[in-house]
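Reader: Please pick one strand of this model and describe it closely, with its partners and the core around it. A short account of the rest would help to place it.

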Amino acid sequence: MEKYKKSIKLAERITRYLKGDLSEAEMLVLKKSLKESSDGEQLLTKIRDQKNIAAKQVLYDSFDAKKNWEQIRKATGRKVHRRIYRMSWYAAILILPLMVAIPVWYVDRVKEMERPQYIVDAYFERHKTILELPGGQIVDLDTVKNIAKELNEFGVILEEGKGLNYSGIDSIVDNKVEYHRIVVPRGGEYNLKLADGTDVWMFADSEIRFPTRFKGNKREVYLEGEAYFDVHHDPVHPFYVKTKSLDVKVLGTSFNVKAYRNTSIVETSLVEGVVSVKDNVLRPDMQATYHEESGDFSYRKIKGENYRLRKEQMFVFEEERLDDILQEMARWYDFEVFYRNPEMAEKRFGFKLEKYEHVDSLLKILELTGEVKFEMNGKTLIVKGVN
């Protein structure tokens, strides 16, 4: 227990340091403590990372400690072990200073607004989210400021560092309709506002093709991969998400579509409103899975809010197949999955965690269930059963 008290004191000193409240003598004590603590420098780095703090707050707001701990207890099928208790206590110590540091983050946020704004969440420098213009011109979206003036002439703006916004394009006299394409790599995400005001959050390893303005009696976009849509309501002009084998029709609603090229399914998850897939109407908190090989649908009840959280850069799974979980993680952390025991792919798990954490954090959570073990060999994740 004594080491936990020391960790809390260290967290408090770091927080006071961020506020500028430490005396010279206290600064010397802090430096000494950081050197003596194996996690001290790492903790300080996390607390000073504004993006990390912002993501943590999303996690805190949605976290139900009692419910999540009960899920772990049920999954393990046995009483809580002292070792797991210690791990949870230690995790709480790491979380505490970040919670205390959030007010400091809000103060610094004012200064941050004066800094250059970037429009892409590309978390791996070697991966670039790109915009393909008519004629095949390719632009890296993290350097799109270089053509911002040209885009503005066509009514396209950069929206507060979030992404491209086409909603002002109808103010341009030119009535011409062109198609743009955005490609998001493994390890990336991107937010886009279409000409009608529809918001689109694109996830890793996905692409969308869309018109710069909508004409005619319907609105259509083409998706490969996964995206969350918040569609602008317009009953006169229905909105269609066209995938490799299925069209999703909506009037104005929030929903998620998953249609990756290397899978044989198209998954539509409804959060709000009403959508139609091949004349099958979905209501909120329902998911329809279209199986390409058989042409059949399967349905299940979901928590729509879990899919809304996905656009907040969270991993949210509830009783999902292990293979579905790992494939989504693989698109983010850029690894391949190999099963030593193929039957492990069908086991089901659930958890909620931010995407900024290292992949080891998520794998350890799954290992805590006592049902699965992992080994990372280069860029290959080996999945093993527990004997």
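Author: What follows takes up strand β13, then its surroundings, then a separate sheet.

This is a predicted model, in which local features need pLDDT of at least 70 and side-chain atom pairs count only at pLDDT 80 or more, while totals for chains, interfaces and linings use all residues. Residues are numbered from 1 along each chain as its sequence is written, and side-chain values use heavy atoms, with hydrogens and water left out.

The protein holds 10 helices and 23 strands; these are DSSP runs numbered from the N terminus, helices being H or I of at least four residues and strands E of at least two. Of its 387 residues, 42% are buried, meaning under 20% relative accessible area, with exposed over 50% and partly exposed in between (1.4 Å probe, protein chains only). About 20700 Å² is exposed, 51% of it supplied by carbon and sulfur atoms; such areas come from the Shrake-Rupley method with a 1.4 Å probe, and for residues only the protein chains shown count as cover.

Strand β13 covers residues 254-259, and six of its six residues are buried. The cover is on both faces: S254, N256 and K258 are buried on one side, and F255, V257 and A259 on the other. Two strands pair if DSSP finds at least two bridges between them. With β10, strand β13 pairs in the antiparallel sense over six bridges, and N256 of β13 stands opposite Y228. With β14 (residues 265-272), β13 is joined by five bridges, again antiparallel; here V257 has T268 of β14 as its bridge partner. Five residues separate β13 from β14 in the hairpin that the two form.

F255 also belongs to the largest nonpolar core, which has 40 residues; L164, I182, L192, F229 and F255 have the most contacts inside it. Such a core is a set of buried Ala, Val, Leu, Ile, Met, Phe, Trp, Tyr and Cys residues joined through side-chain atoms within 4.5 Å. Strand β10 (residues 219-230) gives this core its largest share, four residues. Leaving aside residues up to four places away in sequence, I182 touches T129, I130, L131, L141, L164, Y190, L192, M202, S206, E207, I208 and F210; a contact means heavy atoms within 4.5 Å.

Just ahead of β10, T212 lies in the loop that follows β9 (206-211). T212 counts as buried because its relative accessibility is 5%. With residues up to four places away in sequence not counted, T212 touches Y166, I169, K176, V177, E178, H180 and A195.

Apart from the core of 40 residues lies another, of 25 residues, including F315, A330, L353 and F374.

A separate topic is the open sheet of three strands, ordered β20-β23-β22 with mixed pairing. Its edge strands, β20 (336-339) and β22 (372-377), each pair on one side only. From one strand to the next the twist averages 25 degrees. Helix α9 (residues 322-333) packs on this sheet, touching β20, β22 and β23, with its direction at about 150 degrees to that of β20. Axes are lines fitted to C-alpha atoms, for helices over the stretch in contact, and angles run from 0 to 180 degrees between N-to-C directions. Helix α10 (residues 359-367) lies across β22 and β23 and runs at about 155 degrees to β22. Strands β22 and β23 (residues 380-385) are antiparallel and joined by six bridges, one residue pair being N377 and its bridge partner T380 in β23.
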